[in-house]
Amino acid sequence: MSQIAWQKSSFSGDRDDCIELGRSENAILVRESDDPGVIVTTSPDKLRAFLLGVKAGEFDHLI
C-alpha cells in the first residue's frame, strides 16, 4: 500500500491523530494517521452515504 497517495483534511494541520483517505483501483481506503497499518476499505458510494449521514446527524447519539 506504499504507492497509495494518502490525503488528510487541511483542518488537521500537523496533527498525527486524524483520518486519512486514499484510493486504490476499486476502493476508497480509510485509516487513522496514528495507526496507519489498520485500513478500512469501502466503496465511493458507501463512503458518500456515510458522510451524508454524519452531516445529517444520524450518528450524533454515539458521541
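Which residue in E3 does Glu20 stand opposite? In this predicted model, Glu20 stands opposite Arg31 in E3. The legends below begin with the sheet and end with the pocket.

**Figure 1. The sheet is open and has 4 strands.** The strand order is E1-E2-E3-E4, and the pairing is antiparallel. E1 and E4 are the edge strands, each pairing on one side only. Strands of a sheet pair through backbone hydrogen bonds, either parallel or antiparallel. Between E1 and E2, which run antiparallel, there are 2 bridges. E2 and E3 also run antiparallel and are joined by 5 bridges. The connection from E2 to E3 is a hairpin of 4 residues.

**Figure 2. Side chains alternate along strand E2.** Glu20 and Gly22 point to one face of E2 and are buried. Ile19, Leu21 and Arg23 point to the other face and are not buried. Two residues of this strand can be followed across to E3: Ile19 stands opposite Glu32, and Glu20 stands opposite Arg31. Toward strand E1, Lys8 stands opposite Glu20.

**Figure 3. Arg31 makes a polar contact with Glu20.** Arg31 is found in strand E3, which covers residues 28-32. Arg31 counts as buried because its relative accessibility is 17%, and the cut-off for buried is under 20%. The polar contact joins the side chain of Arg31 to the side chain of Glu20 at 2.6 Å. Leaving aside residues up to four places away in sequence, Arg31 touches Trp6, Cys18, Ile19, Glu20, Pro36, Val38 and Ile39. Glu20 is thus named both as the residue opposite Arg31 and as a partner of its side chain.

**Figure 4. The largest pocket holds about 250 Å³ of space.** Strand E1 (7-8), strand E2 (19-23), strand E4 (35-42) and helix H1 (44-55) are the elements that give two or more residues to its lining. The largest share of the lining, 4 residues, comes from H1. Lining residues include Gln7, Lys8 and Ser9, as well as Ile19 and Leu21. Ile19 and Leu21 point to the face of E2 whose side chains are not buried. Val30, Val40 and Thr42 also line the pocket, as do Lys46, Leu47, Phe50 and Leu51.

**Figure 5. The lining of the largest pocket contains nonpolar, polar and charged residues.** Its residues divide into 7 nonpolar, 3 polar and 2 charged. Among the lining residues are Lys8 and Lys46. Lys8 is also the residue that stands opposite Glu20 in E2.

Technical notes: Residues are numbered from 1 along each chain as its sequence is written. This is a predicted model: local features need pLDDT of at least 70, side-chain atom pairs count only at pLDDT 80 or more; totals for chains, interfaces and linings use all residues. Side-chain values use heavy atoms; hydrogens and water are left out. On a 1 Å grid over the protein atoms alone, a cavity is a set of points where a 1.4 Å probe fits but cannot get out, and a pocket is an open set with protein on both sides within 12 Å along at least five of seven lines; lining residues have an atom within 4 Å of a point. Grid points are joined across faces, edges and corners, and a volume is the space filled by probe spheres set on the points. Ala, Val, Leu, Ile, Met, Phe, Trp, Tyr, Cys and Pro count as nonpolar, Asp, Glu, Lys and Arg as charged, and the others, Gly among them, as polar. Buried means under 20% relative accessible area, exposed over 50%, partly exposed in between (1.4 Å probe, protein chains only). A polar contact is a pair of N or O atoms within 3.5 Å; within protein, one must be able to donate a hydrogen and the other to accept it, and residues adjacent in sequence count only if both atoms are side-chain atoms. Contact means heavy atoms within 4.5 Å. Two strands pair if DSSP finds at least two bridges between them.
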